[in-house]
Amino acid sequence: MEIRGPVLLPARREDIEFETLDGLTLVGELALPEGRDPVATLVTLHPLPTAGGFMDSHIFRKAAGRLPALADLAVLRFNTRGTTSQRGTSEGAFDGGRAEAFDVAAAMDFVRERGLPAPWLVGWSFGTELALKYGRDHDVEGVVLLSPPLHRASDAEVAAWAADGRRMVVLVPEFDDYLRPDAAAERFASVPHAVLIPVEGGKHLWVGENQTRRVLTEIVAAVNPDALPLPTEWDDARVAES
C-alpha cells in the first residue's frame with residue numbers, strides 16, 4: 001500500500017505523562033520502532049495552541065505514524081500546558097512561551113530517564129520559538145525548525161546559537177505567512193552553521209502529501225540520513241489509520 005495520509009505503520013506506542021517543575025502534569029505519546037532500539041529521538045514541539053496547534057498537528061502525527069518504522073526513530077509528542085488533543089489535556093494554561101520552558105525541560109527529563117538516544121528538538125511554528133529560546137539548556141544533538149515565525153525568539157536568542165555549535169536545520173516555506181526565505185536568511189545570518197532550506201511551493205502549515213514527505217525527508221536527512229530515501233510503499237498488512 002502507498003504510505004500517505006494518516007496511516008499508522010507498526011510501532012510500539014505508549015501513552016505517557018510527565019510532570020513539570022512547577023507541578024503540572026503534561027500528556028503525550030511515545031512511539032518507538034517495533035522490535036529494535038531507536039537510533040535517535042525526535043522531541044516535537046507543536047504549533048501555537050491558541051491557533052489550533054497541539055501534539056496531533058498533522059506533520060507530527062504523521063512523523064509518529066511513519067518514522068519509527070521507516071527511519072528507526074523514537075517520536076515523542078506532547079501537549080504543552082493548557083493544550084488539548086485526543087490524548088487528553090495537559091494541566092495549566094498557555095503562557096505565551098514563558099512558563100513553557102518548564103514543559104520543554106520536563107520532556108527532556110523524560111527522554112533522559114527513559115535512556116532515549118540522540119535527542120533532537122523538532123519545533124513547528126510556535127514550537128520553533130521554544131526550541132530556540134530553551135533548547136541550548138538541554139542535552140540535544142540539534143534543532144530542526146519548521147516554519148519559524150521568529151515572533152517570540154529574539155535576535156539575541158537566535159544569535160546565541162552561533163557559539164553553541166550544535167546543528168540547526170531551518171525549513172522555510174516559499175509562501176510562509178510570517179517569515180519567507182529571504183527574510184529568514186537575514187534573521188538567521190547570525191548563526192553561520194545554520195542550514196537554511198527554502199522549500200519551493202511550501203506554506204506555513206505544510207498541507208498536502210508532497211509537503212509532508214518533503215518535511216519528513218528533511219528531518220530524517222538531519223537525524224538519520226542512512227534511512228533515506230524514505231519508502232513510499234509498505235507491504236506489511238499491519239497498518240491502521242489514525
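The largest pocket holds about 350 Å³ of space. A pocket here is an open set of points on a 1 Å grid over the protein atoms alone, where a 1.4 Å probe fits, with protein on both sides within 12 Å along at least five of seven lines. Points are joined across faces, edges and corners, and the volume is the space filled by probe spheres set on them. This is a predicted model, in which local features need pLDDT of at least 70 and side-chain atom pairs pLDDT 80 or more, while totals for chains, interfaces and linings use all residues. Residues are numbered from 1 along each chain as its sequence is written, and side-chain values use heavy atoms, without hydrogens and water.

Back to the pocket: 18 residues line it, and Pro47, Ala51, Ser125, His204 and Leu205 lie nearest its centre. Lining residues have an atom within 4 Å of a point. Eight of them are nonpolar, seven polar and three charged, where Asp, Glu, Lys and Arg count as charged, Ala, Val, Leu, Ile, Met, Phe, Trp, Tyr, Cys and Pro as nonpolar, and the others, Gly among them, as polar.

Now for some backbone details. Two residues other than glycine have a positive phi, as the table shows. Buried means under 20% relative accessible area, with a 1.4 Å probe and protein chains only.

| Residue | Phi | Loop | Relative accessibility |
|---|---|---|---|
| Ser125 | near 55° | between β8 (119–124) and α3 | 9%, buried |
| Leu150 | about 55° | between β9 and α4 (155–159) | 5%, buried |

Helices (H or I, at least four residues) and strands (E, at least two) are DSSP runs, numbered from the N terminus. The peptide bond from Leu228 to Pro229 is cis, with omega near -5°, and Pro229 sits in the loop between α6 and β12 (240–241).

What about the interior? The largest nonpolar core has 38 residues, and Phe18, Leu76, Leu132, Met168 and Phe188 have the most contacts inside it. Such a core is a set of buried Ala, Val, Leu, Ile, Met, Phe, Trp, Tyr and Cys residues joined through side-chain atoms within 4.5 Å. Helix α2 gives the largest share, six residues. Leaving out residues up to four places away in sequence, Phe18 touches Leu76, Phe78 and Phe110, among others; contact means heavy atoms within 4.5 Å. A second, separate core of 35 residues includes Val75, Trp120, Val223 and Trp234.

Thr41, in strand β4 (residues 40–45), is buried at 0% relative accessible area. Beyond its neighbours within four places in sequence, its contacts include Ala74, Leu116 and Trp120.

Note on methods. Buried < 20%, exposed > 50% of the residue type's maximum accessible area, 1.4 Å probe, protein only.
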